Structure formats: C-alpha cells, structure tokens
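Biologist: I'd like to learn how to read pockets and ligand surroundings in a model. Could you walk me through one?

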Amino acid sequence: MRSISRTALLIGTLVVVPAAATAAKGLRAKAEGAGLFIGTAVRFYHRPADTGVLMSPFRDDPVYTARIAKEFNIVTPENVMKMGSLHPSRDSYNFADADSLVDFADQHGIVVRGHVLVWHQQTGDWLTDGAFSKAELQEILEEHVAAVAGHFAGRLFAWDVVNEAIDDNTFKLRKTIWLKSGKDYIERAFRAARAADPDAVLCYNDYNHAASLSWQRQKSDAVYKLVKKLVKKKVPIDCVGFQLHTAPEIFDPAGIAENFRRYADLGLQVHITELDVSLETPSTPATRKKQGAIYKTVMDLCLGAPNCTAFVTWGFTDRYSWIPEFQPGRGDALILDSDYRKKPAYKKLSKSLKKAAQAVAEAATP
Ligand code: XIL
C-alpha cells in the first residue's frame with residue numbers, strides 16, 4: 001500500500017499567493033495553508049433567464065473575475081475545453097477561449113484542471129453525424145487528445161481524460177460513440193494524454209460513485225473496478241474525479257471516505273471536481289443552512305483524506321449556474337448568492353480551511 005501525503009504531492013505545484021491576494025484573505029489563502037487546491041468552474045457564456053441576452057461572465061463581469069482571483073487557486077473551464085467548443089470540425093481547432101482562461105490563471109498564480117478530453121456529450125455534430133468507421137473513430141479520438149493535450153502541454157495541473165464512461169443501469173461501459181472506437185478506448189485516451197502532456201495529473205471523472213452503502217454502491221464499485229484494472233495494466237492514470245452534483249434530498253456522506261481511501265490504496269489522488277448543492281427555489285435561510293452543512297461535510301472529508309488534493313465547485317455564484325436551466329425549480333446551488341454575498345456554505349468552507357491551515361502550521365512548529 002502506498003501512502004500519499006497531500007502536502008508532499010503539492011509541493012512544487014502550489015503557487016505562492018501574490019501579496020494582494022493574501023491581504024484580501026480569500027478562501028485560497030487558507031487552502032494554501034492547508035495544502036489544498038480550492039477552485040471553481042469558470043463560465044464563458046451565459047444567457048440570463050430574465051433578459052435572454054447572451055453575455056460572458058468571464059469577459060463582461062469584472063466582479064466575477066476579481067472574485068475568482070481572490071478566492072481560488074484552481075480553475076476549470078465549465079465548457080470551453082469540451083470537444084464541441086474547441087474542435088468545431090474534423091480538421092479545425094479553436095483554442096481562443098480556453099487560452100484566455102489559461103492566460104488569466106497564469107497571471108493570477110492559479111492552476112488549471114482541464115475538462116474534458118473524452119466525453120460522449122458536447123462533442124459537436126460533425127462527430128455524431130459523421131458515420132465514421134471504428135478505425136476512423138480511433139484515429140479521431142487519438143488525434144483529438146494529442147492535439148488538445150499537446151496544445152496546453154506543461155500549462156495544466158490536471159486533465160479529466162475520460163468522463164462518465166460507466167452506464168447508470170448496466171454498470172458496464174456506457175454505449176457511446178467512443179465505445180464504437182473499441183472497448184480499449186479509455187486506456188488509449190490515457191496513453192495519448194500522457195504522451196502529449198507528461199506532467200499533467202490524469203484523471204477519470206464520473207458522478208454518483210462516492211457512496212458504498214447506498215443507491216450509489218453499484219456504480220461506485222463499477223468505477224472502482226474499471227480504475228483498478230487500468231492501474232493493474234499500467235495505464236497512466238493518476239487520479240479519480242468525483243463530480244458530486246448533489247442536493248439535501250439525496251446527499252449521503254456514508255462511503256465517501258472509504259471510496260477516497262480505496263483509491264489511495266491504489267496510489268491515486270482524488271479530486272472533488274464539480275460540487276454543487278442544489279436547492280428548491282426560492283431557497284430559505286433554513287435550506288441554505290442545510291446546504292452549508294453539506295459543503296462543510298464534503299470539505300472535511302477531503303481534508304481528512306491525504307490523497308484528496310483538489311476541491312472544485314461547479315461555479316461559485318448563484319448568478320451563473322447550470323442548475324436552473326437543467327433542473328427547473330431548483331437552483332441557489334453555490335457558495336455566493338447572485339449578488340456575490342457570502343452564503344452559509346462559504347462561511348463553513350472558510351472555517352474548515354482555517355482550522356486545517358492552523359493544524360498544519362502547529363504541526364510544523366517545533
Ligand atoms: C455542464 C455545464 O455546466 C453546462 O453549462 C452545459 O450546458 C452542459 O454541461 N457533468 C460534467 C460537466 O462533466 O461538464 C457538465 O457541465 C455537468 C455534468
């Protein structure tokens with residue numbers, strides 16, 4: 001059994017916080033004290049429900065970007081590194097949006113989690129309508145991974161190499177366009193990613209595989225089996241991502257720690273990759289308090305697991321979130337409200353991180 005120390009893993013990767021950010025005392029200053037990456041997905045395009053007019057949080061809302069720089073030391077693009085966004089036709093790539101996020105991150109001492117190289121959604125019509133043969137699909141997958149991971153090589157902390165490959169009903173490989181390229185597509189993707197960017201932490205990412213004692217048990221075991229097989233075959237995988245889109249009605253912390261631990265036993269990091277806690281809207285002080293407790297539970301489970309190195313939420317302000325669009329009647333899922341005010345969830349995270357940073361400091365004092 002290999003043991004993993006978060007602090008040892010992150011030494012050399014964790015960036016020194018610029019003086020201004022430290023003075024501002026966002027979450028990142030405390031997270032750095034605790035040896036943890038804390039971050040958010042970043043949204044480039046948004047259509048507010050009230051106006052319906054497309055705008056860009058990243059380009060048009062300076063409060064949004066200032067808050068990211070203050071609070072976080074890791075970011076991930078919500079959409080602009082997906083195949084449909086940066087690979088618009090078989091022979092063309094458009095890296096403009098993704099490049100501007102990586103440049104922004106560099107300027108602010110923030111690291112980037114790439115999301116995502118191989119996924120069956122948001123791939124673009126040219127792929128789904130293309131009627132490609134198995135051999136052509138193999139070539140497309142490997143070319144895509146080589147081109148995209150190669151483009152950002154040396155600039156990203158981690159990549160979600162493959163996303164959501166396990167089926168929710170059969171618990172076998174999901175029947176996707178990528179499976180048509182061959183049952184070994186996952187390992188081909190990881191090998192191509194490692195070849196293109198030898199330094200990035202390579203992750204398998206999925207949802208509903210965090211619990212071992214509830215309705216998520218079968219999926220948790222299926223993902224574990226898949227990952228264990230990859231490790232055994234010496235496929236270059238370094239980490240497992242837990243999306244953790246959740247809600248008070250379904251949140252079940254039982255089993256999260258065990259799942260984190262069994263990946264540590266395989267020598268792998270775990271990342272919380274897409275946490276949000278959706279509420280029935282309008283939310284109330286009571287439901288926002290419950291939500292805060294869930295954020296705290298997940299943070300404490302991550303801090304308690306030496307191999308949990310990154311805690312990323314799927315957005316950070318209720319002003320811009322995918323939940324109301326995808327789950328009508330629900331929303332308010334994030335740690336700041338739509339006017340950037342701190343919700344109980346923010347305060348809980350801040351407190352947990354502060355405590356963890358103090359414990360690290362005390363342990364280091366002779
Ligand atoms: C979502 C984005 O948040 C939306 O803006 C987009 O329209 C659809 O995709 N799992 C994932 C993410 O891995 O990429 C998804 O993001 C949410 C579910």
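Modeller: Happily; we will go through the pockets and the ligand in turn, bearing in mind that this is a predicted model.

Biologist: How does one find empty space in a protein, and what is the volume of the largest pocket here?

Modeller: Rolling a probe the size of a water molecule over the atoms shows where empty space is left. In this case, the largest pocket has a volume of about 1,000 Å³. Its lining is made of 43 residues, with Arg43, Glu78, Trp322, Glu325 and Phe326 nearest the centre. Strand E7 (245-246), strand E8 (269-277) and helix H14 (323-326) are the elements that each give two or more residues to this lining. The largest share, four residues, comes from H14.

Biologist: Where does the ligand sit?

Modeller: The ligand sits in that largest pocket. There are 15 residues around it, and Glu78, Lys82, His115, Glu274 and Trp314 come nearest. By class, this shell has four nonpolar, six polar and five charged residues.

Biologist: Which polar side-chain atoms lie by the ligand's oxygen atoms?

Modeller: One belongs to His115, at 2.7 Å from a ligand oxygen. Arg43 has a polar side-chain atom 3.4 Å from a ligand oxygen, and so does Gln243, at 3.4 Å. Taken alone, the ligand exposes 420 Å², of which the protein buries 88%.

Biologist: And what lines the second largest pocket?

Modeller: That pocket holds about 370 Å³ of space and is lined by 14 residues, including Ile166, Leu173 and Lys225. Helix H11 (217-232) gives the largest share of this lining, six residues. The lining has seven nonpolar, no polar and seven charged residues.

How values were computed. Residues numbered from 1 in each chain as written. Predicted model: local features only at pLDDT ≥ 70, side-chain atom pairs only at ≥ 80, totals over all residues. Heavy atoms only, no water. Near = heavy atom within 4 Å. Polar contact = N/O pair within 3.5 Å; in protein donor to acceptor, adjacent residues only side chain to side chain. Areas by Shrake-Rupley, 256 points an atom, 1.4 Å probe, with all protein chains shown as cover. 1 Å grid on protein atoms, 1.4 Å probe; cavity = no way out; pocket = protein on both sides within 12 Å on 5 of 7 lines; lining within 4 Å. Sits in = over half its atoms within 2 Å of the grid points. Nonpolar A, V, L, I, M, F, W, Y, C, P; charged D, E, K, R; others polar. Points joined across faces, edges and corners; volume = space filled by probe spheres on them.
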